[in-house]
Amino acid sequence: MARIIGAVACSHTPTIGFAFDKNKQQDPVWAPIFEAFAPVQRWLADNQPDVLFVIYNDHVSSFFFDHYSAFALGVGERHAVADEGGGARDLPPLAGHPALARHIGRSLVADEFDMSFFQDRALDHGVFSPLSLLCPHKPEWTVPVIPLQVGVLQSPVPSARRCYRLGQALRRAIESYPEDLAVVVVGTGGLSHQMIGERAGFNDEAWDREFLDLIGRDPERLANMTIEDFMQRGGNEGAEVIMWLIMRGALDARVKTVHQNYYLPMTTAMAVALFE
């Protein structure tokens with residue numbers, strides 16, 4: 001039987017990937033971010049998961065608003081790097097895990113989630129930016145990835161409660177897979193930021209720290225919030241943290257926070273957390 005051995009939550013800003021590619025690990029501005037991801041990288045190396053299930057949102061790189069599903073599961077064998085306007089990053093493609101992905105898809109549909117599915121679509125910084133800091137990738141990535149794209153950019157957005165319930169269904173799906181696999185669930189996005197409108201440049205550190213506390217200790221409270229609540233507290237784009245609730249729903253009601261870090265260097269608050 002497959003099992004979830006832990007979960008990672010992290011921001012997915014494109015700037016993290018740019019800093020990695022430009023070897024900014026020792027730069028005073030960027031060093032705290034690389035240091036924050038290092039314990040998670042070590043944990044992954046020590047625990048050797050067989051699959052990463054990565055929850056992200058596409059930034060209109062491979063999906064467009066003419067068909068932007070609430071939940072789209074990648075079931076292909078290979079996931080290339082998307083060109084987001086400045087050329088694709090020099091990274092190898094990710095291997096998928098089609099057998100587990102198809103099983104999860106069937107299970108989620110049986111659990112009354114109306115899923116979309118994709119193959120042969122490139123993945124953008126929502127996946128590759130944090131993975132650059134989490135996993136070795138030369139000459140190839142060391143672990144297969146199953147991507148779940150969540151439609152948080154176009155109204156109507158899935159509710160926080162719906163995301164939390166999807167995480168609970170995801171756990172049932174993974175644990176019903178007959179092969180002995182160790183799975184780590186990765187939730188990406190956020191924290192507080194707003195890129196448009198009168199509040200462009202908005203952050204709220206107090207809310208970010210409250211959210212980081214609640215995601216581990218009291219996710220039900222977060223699941224009861226509306227999308228408008230998240231936008232008011234964390235900014236327009238900060239509402240994408242509902243993707244963390246999918247990750248959290250896949251875990252036990254009580255979890256151990258192994259590592260957590262918060263850093264606000266610029267327009268987007270950046271965080272990483274590790275749960276067992």
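Which residues touch the most other members of the largest nonpolar core? The points below take up this matter and then the sheet, the helices, the cysteines and the backbone of this predicted model.

1. The largest nonpolar core holds 58 residues, and those touching the most other members are Phe53, Ile104, Leu148, Phe230 and Met247. Helix 5, residues 160-175, supplies the largest share of this core, with eight residues. Another core lies apart from it and has 37 residues, including Ile33, Leu133, Val186 and Leu274. As general background, nonpolar side chains in soluble globular proteins tend to be buried together.

2. Isoleucine 104 shows how one such member is surrounded. Leaving aside residues up to four places away in sequence, isoleucine 104 touches Phe53, Leu73, Ile146, Leu170, Ala173 and Ile174. Among these partners, Leu170, Ala173 and Ile174 are buried residues of helix 5.

3. The sheet is open and is built from eight strands in the order 6-3-7-2-8-1-10-9, with mixed pairing. Strand 6 (116-118) and strand 9 (257-263) are the edge strands, each pairing on one side only. On average, neighbouring strands are turned by 15 degrees against each other, direction ignored.

4. Within the sheet, five bridges join strand 2 (residues 51-56) to strand 8 (residues 182-188), and the pairing is parallel. Phenylalanine 53 has valine 185 of strand 8 opposite it. Phe53 is also one of the residues with the most contacts to other members of the largest core.

5. Two helices are described against this sheet. Helix 2 (residues 31-47) packs on it and touches strand 1 (3-10), strand 2, strand 8, strand 9 and strand 10 (270-275). The direction of helix 2 makes about 160 degrees with that of strand 9. Helix 9 (residues 242-249) lies across strand 1, strand 2, strand 3 (71-74), strand 7 (145-150), strand 8 and strand 10. Helix 9 runs at about 160 degrees to strand 8.

6. Helix 5 has 16 residues and spans 23 Å from its first C-alpha to its last, close to the 22 Å expected at 1.5 Å a residue. Its buried residues are Ala160, Arg161, Cys163, Tyr164, Leu166, Gly167, Ala169, Leu170, Ala173 and Ile174.

7. The structure contains zero disulfides. Cysteine 10 is in none, and the nearest cysteine sulfur, that of cysteine 135, is 10 Å away. For cysteine 135, the closest cysteine sulfur is that of cysteine 10; the separation of 10 Å is too far for a bond, because a disulfide requires sulfur atoms within 2.5 Å. Cysteine 10 is buried, at 0% relative accessibility, and cysteine 135 is buried as well, with a relative accessible area of 4%.

8. Two cis peptide bonds deserve attention. One runs from lysine 138 to proline 139, with omega near 0 degrees; proline 139 belongs to the loop between helix 4 (125-134) and strand 7. Another runs from glycine 190 to leucine 191, with omega near 10 degrees; leucine 191 sits in the loop between strand 8 and helix 6 (205-217).

9. Positive phi values are also to be noted. Most residues other than glycine have a negative phi, and most peptide bonds are trans. Glutamine 48, not a glycine, has a positive phi of about 50 degrees, and its place is in the loop between helix 2 and strand 2. Glutamine 48 counts as exposed because its relative accessibility is 55%, over the 50% limit. Valine 60, likewise not a glycine, has a positive phi of about 60 degrees. Valine 60 lies in the loop between strand 2 and strand 3 and is partly exposed, with a relative accessible area of 31%.

Notes: Residues numbered from 1 in each chain as written. Predicted model: local features only at pLDDT ≥ 70, side-chain atom pairs only at ≥ 80, totals over all residues. Heavy atoms only, no water. Core = buried A, V, L, I, M, F, W, Y, C linked by side-chain atoms within 4.5 Å. Buried < 20%, exposed > 50% of the residue type's maximum accessible area, 1.4 Å probe, protein only. Helix = DSSP H or I, 4+ residues; strand = E, 2+ residues; numbered from the N terminus. Contact = heavy atoms within 4.5 Å. Pairing = 2+ DSSP bridges. Axes fitted to C-alpha atoms, helices over the stretch in contact; angles between N-to-C directions. Expected span 1.5 Å × (residues − 1).
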